[in-house]
Amino acid sequence: MAQEGENEAKPATSSSASAAAPKSVEQDMVTKSSTMIPSTSWFTPKRLLAMFCVINMLNYLDRGAIASNGVNGHSETCTGGTCKAGTGIQGDFKLNNFEDGVLSSAFMVGLLIASPIFASLSKSVNPFRLIGVGLSVWTLATLCCGLSFDFWSITFCRMLVGVGEASFISLAAPFIDDNAPVSQKTAWLSIFYMCIPGGYALGYVYGGLVGDHFGWRYAFWVESILMLPFAILGFVMKPLQLKGFVPADSKKVQALETVPLGVQDAGASNRNEESHEPSKPKQTNRILNQISIFLKDMKVLLSDKVYVVNVLGYIAYNFVIGAYSYWGPKAGYSIYNMTNADMIFGGITIVCGILGTLAGGLVLDYMTNTLSNAFKLLSFTTLVGGAFCFAAFTFKSMYGFLAFFALGELLVFATQGPVNYVCLHSVKPSLRPLSMAMSTVAIHIFGDVPSAPLVGVVQDNINNWRTTALILTTIFFPAAAIWFIGIFLHSVDRFDEDSEHQVPRVEGTNTAPLLEEKTGGTLPSQSQEC
C-alpha cells in the first residue's frame, strides 16, 4: 500500500509542460486540501476538546431531561373517585407506560441505524461536515419535539434526535484522538466521556426545573437554541480532517495528475456529453459501491481479534450497567427501604461516574497507553469493581451497602477511557468511525437494551431483589475474563498505519492534527504495509 502511495505522489516527467502542470496542480491541491486551522487561529486542540465536551453534555442532557419528572411527567391518576390530572409528555398525550417506553426505543432506533451510515459516509464526505449535518438534524428534531402534538409526532421526532446524535458519537472521538497529546490520549478521551454521567445528571435537574416552571416543551426549545451555534459552526468553520482521510476535492486533483493534459481535455468533452445521459445508474452504482465498501470494512473489523474481544467485554459490562441504571433505585428501595433511592443512586452514579472515568484515563496514560495495558486496566478494574458491587448487595446495613457500592462504581467506571482507546487504536485510522459506530450498536443491541427486561423476568420468577441483584452483578466477572484474554492477544497499535484513503504527506501541506500544527511538528512519512 505504501508502494501505491508512492506511485500517486510521483509527477509526470515526459515533457517540460507536463512536468509543470502537475506541480501547479499539486500546489493547488495543497491549498484546497488544507484541513487544519492556521496557527494564528483561536481554534486549538484544547478548545476542540472543550467544544466537543459541551456538545456531548447537551446530547446527554437531552437524554436525562426526557426521563425527568418535569418533562416526562406522569399519566392521570384516580383514587377514591378523585382524579389528578397528568403532567408532562405522558399526561398531555395520555400515554400508557408502554407508549412512554417507546419514546426511548424510538431514539435508540434512530441512533443505531444512523451510526454505521454516518461512519460509512465519512469516507466520501468530510467527517467534520457530517458532524455539522448531524447537529443540524438534532437541533431541528429537538425543536420539533417541543412542537409535537401527539404520540406519533413526538416518537418520530425522538427518532430523528437519535439520528442527529449518531454522527457525533461516531466521529467525535477520532477527532479527539487525532489532536490529543500522545501521552494524554486516554485522559482526553476520559474527559470527553466524563460528560455522559454529568450530562445525565444535569438533564434530570434541568428537566425538572424547566418542566415544572415553564412546561416540558420549553425544555426542548432551549436545548435546540443551545445546540444551534455548534450546528452552524460545523458548516461555516474551515473543516478539520481525520487522520486516514482526504477531502473529496483532493482525490479529484490526484486523479487529474495521472492523466495527460490532452486526455484531460478529451475527458472534459466526454463528461459534457455524458451529462445529458440519465444519472440514475450512476447513483445506483454509487450506492452499491458504498454498500460494498461497508461490507468489506465490516469483514476487516470482525476479523480483528483485538477489536472483537474488546467489544465482547464491553457488551457484558454494559449489560450490567444498563440494568443498574434502570432497576437500581427500585432494588435499593426494596432491599434497604430507601425512601429517596432515586437521589441516592443518582448521586453515586454521577460522582463515581465522573471521578472514575477521569481516573481511568489518567492511570492508563501513567502506565503508558498501549493496547495491552488498556486490557490489563479493563480486566483489573472490572474484576475488583464487580467484587465490591457484589459484596455491597450482601450487606444488611444500608451504610455498608452504600460504601462498597460507591467503591465498586468508581472502579467499573474507570473503563470508559481505556475501552474506547482500544476501539480507536486497534484498527486503521480510516476504520475508526466505523469501529466506534459498531461498538455503540453492539453494546446497546446486546447489552443495555435487553438487560432491563431480562432482569425483570428473573425478578418475576425469584421475587427477591437481593438475589436478582447478585445474579446480575456476577456478569461483571465474565466481562473481566474476556478483557483479560485481550492481554495475551497479539496487539498492534494501528494509529500510525497508512490507509487506502490517506494521501502521502507533501512537504508544505498542513494536513497534520491541530496539535502538531500548533507545535510546528510534522508527521513522519509511513512506509509500513497495512
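Reader: Lysine 123, buried or exposed?
Author: Lysine 123 counts as buried, at 10% relative accessibility. Buried is under 20% relative accessible area, exposed is over 50%, and partly exposed is in between, using a 1.4 Å probe and protein chains only.

Reader: What kind of model is this, and how are residues numbered?
Author: It is a predicted model, with residues numbered from 1 along each chain as its sequence is written. Local features need pLDDT of at least 70 and side-chain atom pairs count only at pLDDT 80 or more, while totals for chains, interfaces and linings use all residues, and side-chain values use heavy atoms, with hydrogens and water left out.

Reader: Back to lysine 123. What does its side chain meet?
Author: The side chain of aspartate 297, in a salt bridge of 2.4 Å from N to O. The term stands for a side-chain nitrogen of Lys or Arg within 4 Å of a carboxyl oxygen of Asp or Glu.

Reader: Where do the two sit in the chain?
Author: Lysine 123 is in the loop between helix H6 (97-121) and H7, and aspartate 297 is in helix H13 (residues 280-302). The pair is 174 residues apart and links distant parts of the chain. Helices (H or I, at least four residues) and strands (E, at least two) are DSSP runs numbered from the N terminus.

Reader: And aspartate 297, buried or exposed?
Author: Aspartate 297 has 9% relative accessibility, which means that it counts as buried.

Reader: How many salt bridges in the whole structure?
Author: A search finds six.

Reader: Which residues are linked in a network of salt bridges?
Author: Asp177, Asp178, Lys185 and Arg432. Aspartate 177 pairs with lysine 185 at 3.9 Å, N to O, and arginine 432 pairs with aspartate 178 at 2.8 Å, N to O.

Reader: How many residues apart are arginine 432 and aspartate 178?
Author: They are 254 residues apart, with arginine 432 in helix H19 (residues 432-462) and aspartate 178 in helix H8 (residues 151-179).

Reader: Why does arginine 432 count as buried?
Author: Because its relative accessibility is 0%. Aspartate 178 also counts as buried, at 7%, and aspartate 177 and lysine 185 are both buried.

Reader: New topic. How many helices and strands in the chain?
Author: The protein chain has 22 helices and two strands. Of its 530 residues, 51% are buried.

Reader: How do H3 and H7 pack?
Author: Helix H3 (residues 45-67) and helix H7 (residues 127-147) pack at about 35°, with axes 13 Å apart. Axes are lines fitted to C-alpha atoms, for helices over the stretch in contact, and angles run from 0 to 180 degrees between N-to-C directions. Their crossing is left-handed.

Reader: Which residues meet there?
Author: From H3, Met51, Phe52, Ile55, Leu58, Asn59 and Asp62; from H7, Phe128, Ile131, Leu135, Trp138 and Thr142. Contact here is heavy atoms within 4.5 Å. By class, the residues are eight nonpolar, two polar and one charged.

Reader: What about H6 and H8, left-handed or right-handed?
Author: The crossing of H6 and H8 is right-handed: the near helix is turned clockwise from the far one by less than a right angle, and anticlockwise would be left-handed. The axes come within 7 Å and cross at roughly 35°.

Reader: Which residues have the most contacts inside the largest nonpolar core?
Author: Phe52, Ile89, Tyr317 and Phe405, in a core of 123 residues. Helix H14 (residues 305-336) gives the most to it, with 17 residues. Such a core is a set of buried Ala, Val, Leu, Ile, Met, Phe, Trp, Tyr and Cys residues joined through side-chain atoms within 4.5 Å.

Reader: What does isoleucine 89 touch?
Author: Leaving out residues up to four places away in sequence, its partners include Ile66, Val71, Leu103, Ile154, Trp216 and Phe220.

Reader: Any backbone oddities? What is phi at threonine 368?
Author: Near 90°, a positive value in a residue other than glycine. Threonine 368 lies in the loop between helix H15 (341-367) and helix H16 (371-392), and it is partly exposed, with a relative accessible area of 45%.

Reader: And asparagine 463, where is that found?
Author: In the loop between H19 and helix H20 (465-473). Asparagine 463 has a positive phi of about 60° although it is not a glycine, and it is exposed, at 62% relative accessible area.

Conventions:
Nonpolar A, V, L, I, M, F, W, Y, C, P; charged D, E, K, R; others polar.
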